[in-house]
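Good morning, and thank you for coming. Please look at the sequence and the structure on the screen while I speak.

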Amino acid sequence: MVTLLPRSDNDTSQINSGDTAWILVSSALVFIMAPGVGYFYSGMARSKNAVSLVFLCMIAMAIVSIQWMIWGYSLALSDTSNNAFIGDLNYGLLLYVGDKPHVNAPTIPGDVYALFQCMFAALTPALALGGAAERIRILPAVLFCFVWTTIVYDPIAYWSWAPKGWMNVMGSLDYAGGTPVHIASGFGALAFSLVLGKRQGFGSEKFAPHNYLNIILGTSLLWFGWFGFNGGSAVASNGRAGLAATVTHIAACMGGLSWSFIAYFRHGKKFSSFHFCSGAISGLVAITPASGFVRPWAALVFGLVSGIACHFAVDFKEKFGFDDALDVFAVHGVGGVVGNLLTGIFASKEVAALNGVIIKGGWIDRNWVQFGYQLAASCSGAGWSFIITGVILIIFNFIPGLHLRIHEEGEISGTDMAEMGEHGYKFATMEPLPVGRERTLSAEESGRGLPHGTVFANSPPSNKSTVTNTENSEKPADIPRL
């Protein structure tokens, strides 16, 4: 069990302005991860689904933030509950939070801690929705996020971080969300992919990312935000926060390199930005539960092992025939388990002591039982998320109007148009028209730098006098479709 600094219930004298400022900044950094996930997902998907994926991540942030205010914070992190499974409602509607510090964060106001933890909760269901990408309806997805956060995320967060949570009391270590965030979202995504079924064309068509720049942008935002995600979990501006940020960066770098080089030799000796980005995120996922417990040299191991494990886990969906569209299970589910287990080996009591936290450490401190605690926490979080997510989805499919899978025509046209009436790209279709239907450039238009007589398809007729290129007017212009 993690032993924290003592605090009097009504004592605000320990509040530190530097710590408070850092956690407010960290909250903003974690918020940036929501559009980061959206852009990463949109780049991996086909262009006809790009906007809806970014939108889902943003609307998940909104709906879960409301849930967090109503009862999520109290259920997930109540320090007044004696229940080992779930919190009470003493902090419902964020009443009675105010300046009073939470027992987990004795030097910052309670409302600042609630805001910081809200960002974690809001990000998690957005990650899970990636398992159903390109075939999920938006309205039931919004309601799903509210329900899922209440009965999946909140209990697991309580087990892991609340003073009376059974995982915490047992002695499992989870610094920043290996089980509540990554394992829960990864195994939730697996349940999503199994209940909703495969996309049309899965197994016969090759689904390739449509925009590698979006993938790089999303990864950059996630990497940037992760400094607040892990560094802020020290809930103080101190050496442990700095070390957490350092190992986060090292693990991401090593994860990107290990995945890239494995893929280089497995896929025709060509490097890929997509492979590097996926590996970097796998390293970030794996170091999350350990970031406040390990030394920088251990972060190399986390990045190396997670990059290798998650890379080969991507092959599972083809081997076992499930359609985890955006590899959420491979990266977050498998990466989260890898990180949890490695924490049981490399956690150092000296690192935890940097801000007064007392632990027994992992195998490097000869605490052999810690690995068993980490395994128990991983299995419990994975099992709860997978089973309860599946039950929620099945129930939704029986409720009129809440079936989650989009209709066949909508899947073909893309969720952007079918669910939102919007699209992310406006292509200029330029193709030959039958002879006599072309429009040629006017003399004025040809003076703008385009060749005189260029033919445009699907363009409105010009009211200006035109000068026709007689050489090209006998046959359609050979202009390729963009």
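The second largest cavity has a lining made of A313, V314, K317, F322, D324, D327, F329 and A330. The space inside this cavity comes to about 30 Å³. By class, its lining residues comprise 5 nonpolar and 3 charged residues, with no polar ones. I should state at once that what we are looking at is a predicted model.

Let me stay with one residue of that lining, D327. Where does D327 lie in the chain? D327 is placed in the loop between α11 and α12. Is D327 buried or exposed? Its relative accessible area is 10%, and buried means under 20%, so D327 counts as buried. The backbone of D327 also deserves a remark. Its phi is near 60°, which is a positive value in a residue other than glycine. As a general point, most residues other than glycine have a negative phi. A second residue to note in this respect is L93, whose phi is likewise a positive value near 60° in a residue other than glycine. L93 sits in the loop between α2 and α3.

D327 leads us to the largest pocket. Which residues lie nearest the centre of this pocket? They are F207, F274, V314, K317 and D327, out of a lining of 42 residues. Three of these names, V314, K317 and D327, were also in the lining of the second largest cavity. The largest pocket holds about 1000 Å³ of space. Its lining consists of 23 nonpolar, 8 polar and 11 charged residues. Several helices take part. At least two lining residues come from each of α1 (17-44), α3 (110-128), α7 (212-231), α8 (239-266), α9 (273-287), α11 (316-320) and α12 (328-346). Which helix gives the most to this lining? That is α1, with 5 residues.

I turn next to the largest cavity. How many cavities of 30 Å³ or more does the structure hold? There are 2, and the largest has a volume of about 40 Å³. Around this largest cavity we find Y73, D79, Y91, Y96, V97, K100, P101, H102 and G110. In terms of class, its lining has 5 nonpolar, 2 polar and 2 charged residues.

Two residues of this lining, D79 and Y91, are linked to each other: their side chains make a polar contact at 2.7 Å. D79 belongs to the loop between α2 (50-77) and α3. In addition, a polar atom of the D79 side chain lies 3.3 Å from the backbone nitrogen of V103.

From the empty spaces we move to the nonpolar core. How many residues does the largest nonpolar core have? It has 122 residues, and those with the most contacts inside it are Y41, I136, Y153, F192, F229, V294 and F302. The largest share of this core, 13 residues, is supplied by helix α4 (residues 138-161). As an example from the core, consider Y41. Apart from its neighbours within four places in sequence, Y41 is in contact with L53, C57, A126, L127, G130, L326 and V328.

Two further residues offer a contrast. N340 is located in helix α12. Why is N340 called buried? Its relative accessible area is 1%, and buried means under 20%, so N340 belongs in that class. Not counting residues up to four places away in sequence, N340 touches D174, G178, T179, I183, P289, Q374 and S378.

The other residue is A418, in helix α16 (residues 415-420). A418 has a relative accessible area of 31%; because partly exposed lies between the limits of 20% and 50%, A418 is given that label. Leaving out neighbours within four places in sequence, A418 is in contact with I406, G410 and S413. The C-alpha atom of A418 is separated by 9.0 Å from that of R137, although these two residues are 281 residues apart along the chain.

I close with the protein as a whole. How many helices and strands are there? The protein contains 17 helices and 2 strands. Of its 482 residues, 55% are buried. Finally, consider contacts between residues at least 6 apart in sequence: 76% of these join residues at least 24 apart. Thank you for your attention.

Technical notes:
Residues numbered from 1 in each chain as written. Predicted model: local features only at pLDDT ≥ 70, side-chain atom pairs only at ≥ 80, totals over all residues. Heavy atoms only, no water. Core = buried A, V, L, I, M, F, W, Y, C linked by side-chain atoms within 4.5 Å. Buried < 20%, exposed > 50% of the residue type's maximum accessible area, 1.4 Å probe, protein only. Helix = DSSP H or I, 4+ residues; strand = E, 2+ residues; numbered from the N terminus. Contact = heavy atoms within 4.5 Å. 1 Å grid on protein atoms, 1.4 Å probe; cavity = no way out; pocket = protein on both sides within 12 Å on 5 of 7 lines; lining within 4 Å. Points joined across faces, edges and corners; volume = space filled by probe spheres on them. Nonpolar A, V, L, I, M, F, W, Y, C, P; charged D, E, K, R; others polar. Polar contact = N/O pair within 3.5 Å; in protein donor to acceptor, adjacent residues only side chain to side chain.
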